[in-house]
Amino acid sequence: MLSEVQVKLGFCGAGKEAPMIPGRPCAHILKKGEPCFRCKDYHNVSFFIAQQSGGCCDCGDDEAWRTSIQCPYHPPAALVAESSVPSSSATDTPRSAPKHLSSAIPQPVKHYPYRVSVPPELRELMNRTVGYALDFILDTLDFSPDDPSVPSNEADLRLQPSADPMMKDQYCIMIWNDDKHSFDEVIKLLCDLTGRTKEEASESAHRIDENGRDLVEMGTEVPRLLEIAQSISQIDLGVTMRRAYDTFREQVASVIIEWLLDLTQSRLGTDTLVMREVIAEELLSPRKRDNHSSYGYSAQSLHSLTDVPNPTRLDHLFLSHTRLWKRPRLSLKEIYTSVLTISRDHKLAVAGHFARVYHRVIDAYLLVDREAETSIKYFALQLFTVPSVASHIVRHHKLITRLLAIITSFFTNQIIDKHIVYPPSNPMNSSSSSAQGLLEQTLDPESFPFKSKRFMPVFSDLRYLISNAPVQRLIASNPHLYISQFAKTCQLFMGVNPNKRMVGGHVEFEGDAWISVFNVTLSLGRVIKAYGAAFGVSRGTDATGESSSSGPGAGELVAAIQTVVHHILMVCTEEKFGTNGFGNGKVQFHKIFFGGAIYQIIKFDVLEGWVSFHHSLHWLLAELFKHVDILDTGRLRREVGVEGGIRDVVIRVASERAVLTVVDFPLRVLAMIAQIRCNLWVRNGFAIRGQLLHYRDFMLRELCYDQDLFILQVGLVILDPNTVIVTILDRFGLLSFFSGGPFSLHHTVYDSTQLTGMAEEVLYVLISILSESANISQMSVANQARREIVHALALGPCSYTDLIKRISERLVDDMAFEKMLRETTKFRSPEGTSDIGTYELKDECFEEVNPFWYHYTRNKREEVEGILRRRLLKQNPTVPDPVLVPKPLNVSPSGPFAVLPSTFESEALLQVMFYAIHNVLALTDGAGSAPPSGEAILDQALHLVMLAIVERPSIFCTLASLRAFEEGKVTLIDVLCKLETHEGFKSYKSRLGWILDQMHSWEPREVEIRRVVSGSHGTNQNNGGTLDGATGAVPDLEQAKKNAAKARQEAIMRQMKAQQASFAFSNFEDMEDDDEDQDMENEGEEEEVSYGTCIVCQEDLNASKAFGMLGMVQPTPESMDRLSPVPQPSVISAFPPANAEALDATAQAKMVTAGGVSQSYDGFPNQSFQYVRDIAHKRQETIQRPSRGRSTSVHCARVWGMSYSQ
């Protein structure tokens, strides 16, 4: 190689350190195995090894760094004229670049200090030679296949396109590299098919891995070669069988590519740029198509660039990339990178050509390319992350619009002949009737586009583009175009993969399509965040010199919000929205009476309708509302003329009913996940739980769950809080529970455990939307990272690996994360080789911990509460039961969410607090012990009360004393006073004392009266005492304790008896009648007996619903003991017996005489399930053991088609 010879000889400084040229970046092309580093700031530096060649060093490139690193080897240009600076500068902007730049050939770099004089004849000869070489490569690749495949027969083999003028029947078999097959698999295959030794096959396999393909067989015996190639292709290994002439030309093309790469690394004297400039000039020139040329151009070219005007050699090479193999692919990417580093104009020119054919590049990447890791598509990373380049191709090549069109076509399955339809057709207007050309009208999660994981880098390209500051300013300055385009793309994924609760039976098949949908959601959610961030770009200039006037203002953000609201309403009001044809119908409203008022809310039952986890437009709307500084009331008044804050912004384009419709869809998701957690969706299988775990997983929660909660916060600000709270209760199916009355503790679907569990869940949601302050206060990324670290380590020390598993990836990648980690933690070094280092939260940081943080589970919350209480007790031992007082929201008084704390003044929320406590007390007094989730409900209800006192003490305390429930007899203060003296809930006494003391400071008379009546001032009252002020004889305190203990003992005994019954049934043991009678005498009433749980959904099996038992019945061998005479051999010679019907009739008669249970196996299996009916409907009778030869397991009846009526 020329470059190696120059380095060996030290020719004009070759092989030495490059000379320092101010203003010129390093541009060293990274080789495979070279060490690299990436730094977020001066402290956060990560080192890694380059896995493949193609990247370049960014030292000296101003656009690659947030702040200058002052590299001593690549200093910035000092007082150099603009024309002399080849790198990007702050004054040379894409806005000033001519539109025709991408189609023009950039001029050589000026003022290069090491330039040598090249004679024109030599320069022309160099250009011509390189041009011939490039045209030979393209002419050769014109006949190469896009996808390695083998013809099915000899006729098809000979019909393959070929450049061979003699059309000789000499063929080569090439095996291509992929990421599916192991070395051992390929080695064994070569040994079996080609007769090679293991060593020879191993060498060939390593050449395949290193180079990308290898010749395994060549000859003229076509049938034998075809058989070998077809055998190889049967295991989905890439293989081609083509004429030897074409294969030889391809190998020559590979050698020419290596030669061109060597030229980019060589120099002409001291000039290291001239060779690259020549190659760049020829790459950006059109092909020379001469039919009489020495390189034999053929009109049979398989590439047609009808959609690309004036294509150049570079355009053709981009599209021919899939026809190459690993080594020449990587070499070409190095050549392209070396051209990028010549000058900024060269970078823009190459980027323009790449943008022109980008849709075709994505075509090949998504549908054809077998070796995706070396695809030219990843060259986009070199271009789309450069601010000036990104701005240029977005403005002049409309790349964002085209990218969104590609995503639309791909996911709507508009794929014909391995090509994505571009621009996309309207699916609703497609009239194609062919099987291949039929366009889908809805998204199908089971289709190829969703199952392919290659779509993720396409979303990444879009995110790279819109994460650049100039592009973000462009988006924010024209929301009607860019936000509207993106909203239409998000509409595709609204309501995808909906779920409906299974009631009658289990889901028949648990597919994994939901995993693919969540992968799309993860990619789309990151793009949504980048779009939202576009409106937060600060005004001013950046590396591209964008003027300050292009920064986003309140008018642009208001327009974006109104645009997204419009698109949400367009989608959500469709009858078949998000249900793939199983529509919930039009959005309907109904009247609800709650708390003495009538509310008009949406009519929808999550237990019966279709609900999807995915509402991308709502997530986009949430991102827009997070710009609290722009939506400030004063700023909206000055810039937009809006007086009523964000309420006026939304109400201008949507009525209150429409806004309630927007809020309702995220609310349905929250209600559904609450029902899933309460085991109401168990018949939907494990897939529904998997979706819940992904939805709330740390990687996805800030893209999905957090956004849905924030939309509820927005709803509380725009709408009447009472209406929103009543809607929440309606979606959770808890209006009756929080309304009081004789039927409030009974639900048509929820059992007692599920009812209290749902009450706990709805209180959890209310606490989250009324106490979560990150979004409503526009918390900085650094403070978000600090909060995540504090709450993750509040549970105890952990390693760095475990810590980042609990924190969002976005926050971990931010440069502020390490700083916050140092500020909040103490690191304990490992003490031995088997130990690991751990991070421990600093003591002062525990003050920032909120035990009701919305990402904590119930168990974690209780654990954190215990840790905080022990810490407070240690600080002040004189207070045996310290109270954890919640912190206020601290929202800006002029911000858009300033009115959110006023929700605590709503009567609907007051009623929720009241009945949460009242119902727990009622259930406890009725059963003698706390109901399931009772303590959790009290925990959350009291926390809500404390939040209300912290935020709105005066008005809330007044409402609590005046607003009476239960026929106007009982107030919230009454139930708080009763709870304070309740023997079963002493653990809440200190919190109740704090609450009542705070209320006393605002309503002293009301609190004093009720605390006296409740007996907290020296007068003890029994657990069942009245709340309406009635007085009477106070029973002895010791007697009350005995009654409570007896009630707990009876509850334990009932539970033990149910477990014993379940154990007896599961093990098929006889149950004695006299034992049952004794149990009934002890209980005094009939007790419900459980017969175990369903093996599929784990539902409890009892007499309240039908269930069955699976059984396998088979003939018993004659050698086994039998309970009846052995039938004649002729009878059992076949199964089923020939006279099965006669035997069935005989068996039925015997069952009647035997009292309903057959003692022998004489008939067909239909009568063998008689004892199951006895179990289901005569549970007090003796359960017989199953006959020998039957294996049984309890199962819900309707799953397997068995249904037993009561």
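Accessible areas here come from the Shrake-Rupley method with a 1.4 Å probe. With that in hand, let's work through a few exercises on this predicted model.

**Exercise 1. Find out how much area the protein chain exposes, and how its residues and folds add up.**

Step 1: Start with the outside. The protein chain exposes about 54600 Å², and carbon and sulfur atoms supply 53% of that area.

Step 2: Now look inside. Of the 1206 residues in the protein chain, 53% are buried.

Step 3: Count the elements. You'll find 44 helices and 17 strands.

Step 4: Check how the chain meets itself. Take the contacts between residues at least 6 apart in sequence: 76% of them join residues at least 24 apart.

**Exercise 2. Work out whether Asp 664 and Arg 731 are buried or exposed, and what links them.**

Step 1: Begin with the pairing. Asp 664 and Arg 731 form a salt bridge, with 2.7 Å between the closest N and O atoms.

Step 2: Place both ends. Asp 664 sits in helix α25 (residues 656-677) and Arg 731 in helix α28 (residues 721-731), so the bridge ties together distant parts of the chain, 67 residues apart.

Step 3: Apply the cut-off. Buried means under 20% relative accessible area. Asp 664 has 1%, so Asp 664 is buried. Arg 731 also comes out at 1%, so Arg 731 counts as buried.

**Exercise 3. Do the rounds of some other salt bridges: where are Glu 980 and Arg 1011, and how exposed are Arg 637 and Glu 643?**

Step 1: Recall the general idea. Side chains of opposite charge can pair when their charged atoms come close. This structure holds 64 salt bridges.

Step 2: Take Glu 980 and Arg 1011, whose side chains meet at 2.7 Å, N to O. Glu 980 belongs to helix α38 (residues 972-981) and Arg 1011 to helix α40 (residues 1004-1013), 31 residues apart. Glu 980 is buried at 8% relative accessible area, and Arg 1011 is buried at 10%.

Step 3: Spot a network. Glu 154, Arg 158, Asp 169 and Arg 243 are joined into one by salt bridges that share partners.

Step 4: Turn to Arg 637 and Glu 643, which meet in a salt bridge of 3.1 Å, N to O. Arg 637 is partly exposed at 40% relative accessibility, while Glu 643 is exposed at 53%.

**Exercise 4. Explain why helix α22 is described as largely enclosed.**

Step 1: Count its buried residues. Ten of the ten residues of α22 (residues 616-625) are buried, so the helix is largely enclosed by the rest of the structure. Trp 619, Glu 623 and Phe 625 are among them.

Step 2: Look for the neighbors. The buried residues of α22 pack against several helices, including α19 (479-492), α20 (513-533) and α21 (554-572). Helix α25, home of Asp 664, is also one of these packing partners.

**Exercise 5. Track down some unusual backbone angles.**

Step 1: Know the usual case. Most residues other than glycine have a negative phi, and most peptide bonds are trans.

Step 2: Find the positive phi values. His 111 has a phi of about 60 degrees; this residue lies in the loop between β2 (45-49) and α2 (120-141) and is exposed at 60% relative accessible area. Lys 418 has a phi near 60 degrees, sits in the loop between β6 (415-416) and β7, and is partly exposed at 47%.

Step 3: Find the cis bond. Tyr 422 and Pro 423 are joined by a cis peptide bond with omega about -5 degrees. Pro 423 is in the loop between β7 (419-420) and α16 (448-451).

Technical notes: Residues are numbered from 1 along each chain as its sequence is written. This is a predicted model: local features need pLDDT of at least 70, side-chain atom pairs count only at pLDDT 80 or more; totals for chains, interfaces and linings use all residues. Side-chain values use heavy atoms; hydrogens and water are left out. Helices (H or I, at least four residues) and strands (E, at least two) are DSSP runs, numbered from the N terminus. Buried means under 20% relative accessible area, exposed over 50%, partly exposed in between (1.4 Å probe, protein chains only). Contact means heavy atoms within 4.5 Å. A salt bridge is a side-chain nitrogen of Lys or Arg within 4 Å of a carboxyl oxygen of Asp or Glu.
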